[in-house]
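This report walks through one structure for a reader who is new to the subject. It begins with single residues inside one chain, goes on to charged pairs, and ends with the contact between two chains.

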Amino acid sequence: MLGNLADPIFYMLGFGYGIGSLMPHIEGVSYLSFLSAGSLCYSTMNSASFETLYSGFSRMHVQKTWEAIMNTPLTLDDILLSELFWGATKSLLSGAAILVVIWGLGLEQDWALSLWAIPVAFLIGLTFSAMGLVMNAVSPGYEFFMYYFTLVITPMVLLGGVFFPTERMPETFQSVAACLPLTHALQLVRPLIMGHIPHDIGRHILVMAAWGASSFWLAMGLTRRRLLR
Amino acid sequence: MSLISVHKLSKQYEATEVVRGLDLTIRSGECFGLLGPNGAGKTTTLKMLLGLVSPSSGEIRIGTHHIPEQARLARQTIGVMPQMDNLDPDFTVTENLRTYGRYFGLNTDVINARIPGLLELTGLTSKADSRIPTLSGGMKRRLTLARALINDPALIVLDEPTTGLDPQARHAIWSGLRRLIQQGKTILLTTHFMEEAERLCDRLAIIDHGQLIATGTPRNLIASEVEPQVTEIYGEMVAKWAEQHAGSCCDRHELSDETLYCYTHDSSGLLTILQNQTALRYLQRPSNLEDVFLKLTGRELRD
């Protein structure tokens, strides 16, 4: 929990003050303020991912906690659903913690509007928990998760607009970014922190929900195949 | 009245058939042992009974529930002690029991009322607040047994309950199981230890290659499958000795490395010959379940 929080906060403060001092305002606000919305999404995503990958894998494969639970009236589907919501709960906590830092530094423009970042954090949590559970289902060991972080999470962070606006990227990158869930998370969270109502709210929610739902469906199929044969 | 009935149960993984047309009936209140070498299909059979693996064909009924369709309902009244301990290392002994009870939808008062009795049964009262990593292997095993009883199950399924335990810990588990049998619980256990099966089980089934090869009470199996006396003869010269004498003094014999197993109804002739020589050592004993098991499943190593 601390690791998931400390890392984005250090990045936010380090880059925010360090690079921010070299930069003009972005989209009308300081770089630190711009980056704070990115950090909120980043930490929220990381919390759900770490929870479902490393901790979830421990419970499934190493400690065999899932096996113990499946001997009770609960089923594997119940367990996956619980992991999904537990990962999202961890995300909610991380998102809320970053939001407190944002409030502390006075980076938000409209306090009441920034509160909406909390339900969005939960949605981000659900989406990335579901994606993490897919990886969990196919992973032979902890080492495997490095591929997911380096090949999926890192590019998504760089393309999705955590550190810099997506609009500054070449067009190919932009169209890839437009498909990624983190991009849509940011397009909801950043306006909320900067004090205006996001555009296309329905579309952003829909894209994240689609990633979440299809990933969860895939995760159920793959995990059943892994454990219930 | 049968509690479990299994009819023509089969399970196929791609080309390999792990369970092949198994028929079993387990009566309410008995302790039933499922024996077989590694890979015989014991664990797969248990998983099918619990509804965790779908059979390729066949029927399973536990109580009034059809498995796997009503497995969730059936598991409400089953306690399972798995082969590998899977206690939650982040919780204490008591917390492990309490959390597990919640998975059965039991309310906290009911669970809290049961915990002292379970800790007493398994000799863990003094460990109630200990963390799992501080427990010995035997204690973890006993806690796993206690956990299997948290829902006050009518049927207890034990997959190799004493594998890897020292004799003291094994006897502690056995005495716990005997108390459960006296309480009228139905027990289904798999084991590699013939001594365990012989001590605890009312009836057993021996399976190999996914098929039932013998079933009955331990005593009847020994009486019907093997001769009553066994003489084990050891020594370098034993193969040569066997050529000369085994045919005439044993009803049946098996040579395995430097040990000759002579099965007899009357061993007096054999013993006279053995007493008059010094090259070979020997041991005379009544036959047991292990002799039955080895006769039926062979002496070759299994994976």
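In this predicted model, A:Ser39 is found in helix H2 of chain A, which covers residues 31-62. With a relative accessibility of 3%, A:Ser39 counts as buried, because buried means under 20% relative accessible area. If its neighbours within four places in sequence are left aside, A:Ser39 is in contact with A:Pro8, A:Met12, A:Ile98 and A:Val162.

One of those partners, A:Val162, also appears among the surroundings of A:Arg190, a residue that touches A:Glu27, A:Phe34, A:Ala37, A:Gly38, A:Gly161 and A:Val162 when residues up to four places away in sequence are not counted. A:Arg190 lies in helix H9 of chain A, residues 181-194. Is A:Arg190 buried or exposed? Its relative accessible area is 8%, so A:Arg190 is buried. The side chain of A:Arg190 has polar partners in the backbone: a polar atom of this side chain lies 2.8 Å from the backbone oxygen of A:Gly161, and the side chain reaches the backbone oxygen of A:Val162 at 3.3 Å.

A further residue to look for in chain A is A:Gly132, which lies in helix H6, residues 117-138. Its relative accessibility is 0%, and A:Gly132 therefore counts as buried. Not counting residues up to four places away in sequence, A:Gly132 touches A:Thr52, A:Leu53 and A:Tyr148. Although A:Gly132 and A:Ser215 are 83 residues apart along the chain, their C-alpha atoms are separated by 8.5 Å.

**Charged pairs**

How many salt bridges does the structure hold over all chains? The count is 16, and the table sets out some of these pairs with the distance between their N and O atoms.

| Residue | Partner | N to O distance |
|---|---|---|
| A:Asp78 | B:Arg72 | 2.8 Å |
| A:Arg203 | A:Asp200 | 3.2 Å |
| B:Arg203 | B:Glu30 | 2.9 Å |

The salt bridge between A:Arg203 and A:Asp200 belongs to residues that are partly exposed, with a relative accessible area of 46% for A:Arg203 and a relative accessibility of 44% for A:Asp200.

In chain B, B:Arg203 forms a salt bridge with B:Glu30, and this pair links distant parts of the chain, for B:Arg203 is in strand S9 (residues 203-208) and B:Glu30 is in the loop between strand S2 (16-27) and strand S3 (31-35), 173 residues apart. B:Arg203 is buried, with a relative accessible area of 14%, and B:Glu30 counts as buried at 6% relative accessibility. Elsewhere, salt bridges that share partners join A:Glu51, A:Arg59, A:Glu83 and A:Lys90 into one network.

**Where the chains meet**

Which chains does the pair of A:Asp78 and B:Arg72 join? A:Asp78 lies in helix H4 of chain A (residues 76-104) and B:Arg72 in helix H2 of chain B, so the pair joins two chains. A:Asp78 is partly exposed, with a relative accessible area of 23%, and B:Arg72 is partly exposed as well, with a relative accessible area of 39%. Between chain B and chain A the count is 1 salt bridge, and the side chains of B:Arg72 and A:Asp78 meet in a salt bridge. Across this interface there are also 7 residue pairs in polar contact, counting pairs in which both residues are at pLDDT 80 or more.

On the side of chain B that touches chain A, the elements that give two or more residues are helix H2 (71-75) and helix H3 (93-103) of chain B, and the residues of that side divide into 9 nonpolar, 2 polar and 5 charged.

The size of an interface is often given as the accessible area lost when the parts come together. Here the area buried between chain B and chain A is about 1,700 Å², and carbon and sulfur atoms give 51% of that area. Within chain B, B:Arg72, B:Asn86 and B:Tyr103 lose the most area to chain A, together 35% of what that side buries. In terms of residues, 16 of chain B are in contact with 15 of chain A.

**The domains of chain B**

Beyond the interface, the domain assignment of chain B gives domain 1 (2-216) and domain 2 (227-286). The centres of domain 1 and domain 2 of chain B, taken over C-alpha atoms, are separated by 40 Å.

Terms used: Residues are numbered from 1 along each chain as its sequence is written. Chains are lettered from A and ligands numbered from 1 in the order in which they are written. This is a predicted model: local features need pLDDT of at least 70, side-chain atom pairs count only at pLDDT 80 or more; totals for chains, interfaces and linings use all residues. Side-chain values use heavy atoms; hydrogens and water are left out. Contact means heavy atoms within 4.5 Å. Buried area is the accessible area (1.4 Å probe) that two parts lose on being put together, summed over both. A salt bridge is a side-chain nitrogen of Lys or Arg within 4 Å of a carboxyl oxygen of Asp or Glu. A polar contact is a pair of N or O atoms within 3.5 Å; within protein, one must be able to donate a hydrogen and the other to accept it, and residues adjacent in sequence count only if both atoms are side-chain atoms. Helices (H or I, at least four residues) and strands (E, at least two) are DSSP runs, numbered from the N terminus. Ala, Val, Leu, Ile, Met, Phe, Trp, Tyr, Cys and Pro count as nonpolar, Asp, Glu, Lys and Arg as charged, and the others, Gly among them, as polar. Buried means under 20% relative accessible area, exposed over 50%, partly exposed in between (1.4 Å probe, protein chains only). Domain bounds come from an automatic or database domain assignment.
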